[in-house]
Amino acid sequence: MEEELKCPVCGSLFKDPILLPCSHNVCLACVRNITVQTPEGETPVQSRASGSSDYDYLDMDKMSLYSETDSGYGSYTPCQLKSPNGVRVFPPANHHRHCSLTCPLCHRSVSLDERGLRGFPRNRLLDSIVTRYQQNRRASASSSTAVKCQLCDRNPVEATVMCEQCDVYYCNACQQRCHPSRGPLAKHRLVPPPPPPPAPNRAAAGGAASGAGGPPPPATPRKPATCVDHEAEHFSMYCYSCKAPVCMKCLEEGKHAKHDVKTLPMMWKQHKCQISQALNGVSDKAKDAKEFLVQLKNMLQQIQENGVEFEACLVAQCDSLIEALTRQKAKLLTKVTKEKEYKLKVVRDQISHCTMKLRQTTGMMEFCLEVLKENDPSGFLQISDALIKRVISSQDQWVKGALEPKVGPEFDLTLNTDSLLQTILQLDFCQGKDVQENPLLKQMQGADSGEAELETESPGVESGPSVPPAPLLQLETCCTRNNSATLAWRATAAPVSPIEGYILELDDGNGGQYREVYVGKETVCTVDGLHFNSSYNARVKAYNAVGVGPYSKTVVLKTSDVAWFSFDPSTAHRDIVLTNENQTVSCSSYDDRVVLGTAAFSKGIHYWEIRIDRYDNHPDPAFGVARINTMKDMMLGKDDKAWAMYVDNNRSWFMHNNSHTNRAEGGIIKGSTIGVLLDLTKRTLTFYINKKQHGPTSFDNLDGVFVPAVSLNRNVQATLLTGLELPKTTQP
């Protein structure tokens, strides 16, 4: 209840409360502080109240000095006259003044007339309630000893002040330290603590009452309220039209003469009854609110417990997945270890066997050399036949394949984790507690289940034509390879109207807008030409004669980090010869011919190499990138659709649109490797020879789609190497 008894302006308990026309209360001293002067002729929005100002112009001038920050309310002070020396000059006393005040709670403005603040009635009932509340609080806070400071750590001393806003007792030291009279605390009201109750006077009680157990002294009777307009008259009636108590003179000669009036006791009982009935409703609402708060607090505990339980369940499920992956990892590592041990054993046996045969052959060769030094023909001929047979037999031991490794260093084991990775990326919570098995497929079928429920709600009623339900993406078939993605889906339920086709949509790889990439009846689609090292969101929907159905769940497809590609026989010149699964290229013509790669790049950083397998008569092969429609029957870089470096055994040049630039010393031989670094983030092209950068950055400002390209003639054979790591450093 204490908050109901505090003034909204000063924050302290009401002192001489004034009842405003809006039924809110303000202290008499505070209402003077919030009263402002208004310009001549200006009228507040709300109605004017009767009364005249009971303070002079000096009070009004002082009040205008209050800052908006301190009071919380804006004020308007009219222009005032000043003397030449800067001293304020007040207007004459007979000048008409306009004053108004604004309620601090509802912000309703009211103007004061000639009687000022005396036109507002005193709320004596509220004043009486505040007085009783203060007496009760002092009685409960008092004790047989003096009030102690509530902030002293040890041995609290006697309190000297009490803050009415904080309701805390302070000693002088704690008040200076914890409640200084500055800043936001400057507005708090500090009052002396209540004195301790007087000791009981048994003698005065005459033995009838013992100690403090006697009855309290009788309360002083309150003075009856008087009329605002007729201060000598007491209130005797209640004006039903004005909703205010009035005296007899108001009824006889005042403005209430023709109003409907009723007796005070009757209206007193009637209003008390109305308040009691309203309080019953409020009490019921308060009871419901308490029960609701209890429910919310119980819900807090339930949420905490369920959250901990759910987190533990989630951790257990993820741990089981990790454990299964760890077991499978151990199995795969065992297979790799067996393959490695087998290869090592074969190579070690071959090394031992070859070493023994080489030792035997070397010993025989040394013996033959010594025999050839013999000068005696008869002695030489005695052993020459047997020695010849032995040499021929030793030579036959080195049959074809004896000097070739029986196993290769590569491991012919391929681990495809794309589908599993996509499944993990799709791992998410499903709606409903009954979904336990195969949550990924359940999640993908979530939209379909809603359609099925709609169809099975009324089995006895035939449903009309409808759009097809959302298709179900088959995650076990969806995969990516290099910069292409393959998606597969199926219809979940046969609609009344047959499906006419599907619409497949992909975003731009950066979470942007979707675009249609396929429209047709097929349920499998491969999308080529995507960006490397990008994640694409894909979705599909079906359509029929009725309309287009909802989208399927979204699947995330991640393209390869690096490019694996080969030479493209479909776009190569007819003189180009491709072998080794299109990784090795040669030419049947003495003229330069162009061959392109199977990958196209428009984004990211890419690096590949070409190894020189054969290099005769010092030709000038060219390496670089080109558009798909570059000329194939001339050296790479002759037209404006190719950017290349051509190199011989001594030097190299960069060439584009038949323009030769940046000659650099250093060439190639058999076994050399030429590296090509295409950086489409910086839009540059750089070349390497034997892992070292060759010359400066060759070309810049590259934009568009590029494919790897090579031009050579019959004197050169080269092999393409892809899927390589990027060079560590690049010089400008």
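Two strands count as paired if DSSP finds at least two bridges between them. Keep that in mind for these exercises, and remember that you're looking at a predicted model.

**Exercise 1. Which strands pair with strand 30, and in what sense?**

Step 1. Look at strand 25, residues 605-615. Seven bridges join strand 25 to strand 30, and the two run antiparallel. The cut-off is at least two bridges, so strand 25 and strand 30 do pair.

Step 2. Pick out a pair of residues here: Trp-608 sits opposite Val-676 of strand 30.

Step 3. Now try strand 31, residues 684-689. Six bridges link strand 31 with strand 30, again in the antiparallel sense. Here Leu-678 faces Leu-685 of strand 31.

Step 4. Check the link between strand 30 and strand 31. They make a hairpin with four residues between them, and Arg-683 in the turn has a positive phi of about 60°.

What holds such strands together? Strands of a sheet pair through backbone hydrogen bonds, either parallel or antiparallel.

**Exercise 2. Is strand 30 buried or exposed on its two faces?**

Step 1. Start with a rule of thumb: in a regular strand, side chains alternate between the two faces of the sheet.

Step 2. Sort the residues by side. One side of strand 30 has Thr-673, Gly-675, Leu-677 and Asp-679, while the other has Ile-674, Val-676 and Leu-678.

Step 3. Check each side for cover. The residues on both sides are all buried, so both faces of strand 30 are covered.

Step 4. Put that together: seven of the seven residues of strand 30 (673-679) are buried, so the strand is largely enclosed by the rest of the structure.

**Exercise 3. Find the salt bridge partner of Glu-609, and work out which parts of the chain the pair ties together.**

Step 1. The partner is Lys-691, with the closest N and O atoms 2.9 Å apart. The cut-off for a salt bridge is 4 Å, and by this rule the count for the model comes to 19.

Step 2. Place the two residues. Glu-609 belongs to strand 25, and Lys-691 to the loop between strand 31 and strand 32 (692-693), so the salt bridge ties together parts that are 82 residues apart in sequence.

Step 3. Compare their surroundings. Glu-609 is buried at 3% relative accessibility, whereas Lys-691 is exposed at 59%.

Step 4. Look at two other pairs. Arg-611 and Asp-613 meet in a salt bridge at 3.1 Å, N to O, and Arg-611 is partly exposed at 33%. Arg-651 forms a salt bridge with Asp-648, with the closest N and O atoms 3.7 Å apart. In that pair, Arg-651 is partly exposed at 23%, and Asp-648 is buried at 9%.

**Exercise 4. Which are the edge strands in the two open sheets described here?**

Step 1. Write down the order of the six-stranded sheet: 24-33-26-27-28-29, with antiparallel pairing. Its edges are strand 24 (593-596) and strand 29 (659-665), each of which pairs on one side only. On average, neighbouring strands of this sheet are turned by 20° against each other, direction ignored.

Step 2. Zoom in on strand 26 (622-626) and strand 33 (707-712): five bridges join them, and they run antiparallel. Val-625 has Pro-708 in strand 33 as its bridge partner.

Step 3. Do the same for the three-stranded sheet, which has the order 12-11-13 and antiparallel pairing. Strand 12 (244-246) and strand 13 (261-263) are the edges here, each pairing on one side only. The average turn between neighbouring strands of this sheet is 40°, direction ignored.

Step 4. Find the contact inside this sheet. Three bridges join strand 11 (237-239) to strand 12, and Met-237 stands opposite Val-246.

**Exercise 5. Where is Met-299, and which residues make a nonpolar surface patch with it?**

Step 1. Met-299 is in helix 8, residues 264-372.

Step 2. Check its cover: a relative accessible area of 37% makes Met-299 partly exposed.

Step 3. List the patch. Phe-292, Leu-293, Leu-296 and Ile-303 join Met-299 in a nonpolar surface patch of about 460 Å².

Conventions: Residues numbered from 1 in each chain as written. Predicted model: local features only at pLDDT ≥ 70, side-chain atom pairs only at ≥ 80, totals over all residues. Heavy atoms only, no water. Patch = residues over 30% accessible without salt bridge, like charges linked within 9 Å, V, L, I, M, F, W, Y side chains within 5 Å. Areas by Shrake-Rupley, 256 points an atom, 1.4 Å probe, with all protein chains shown as cover. Salt bridge = Lys/Arg side-chain N within 4 Å of Asp/Glu carboxyl O. Buried < 20%, exposed > 50% of the residue type's maximum accessible area, 1.4 Å probe, protein only. Axes fitted to C-alpha atoms, helices over the stretch in contact; angles between N-to-C directions.
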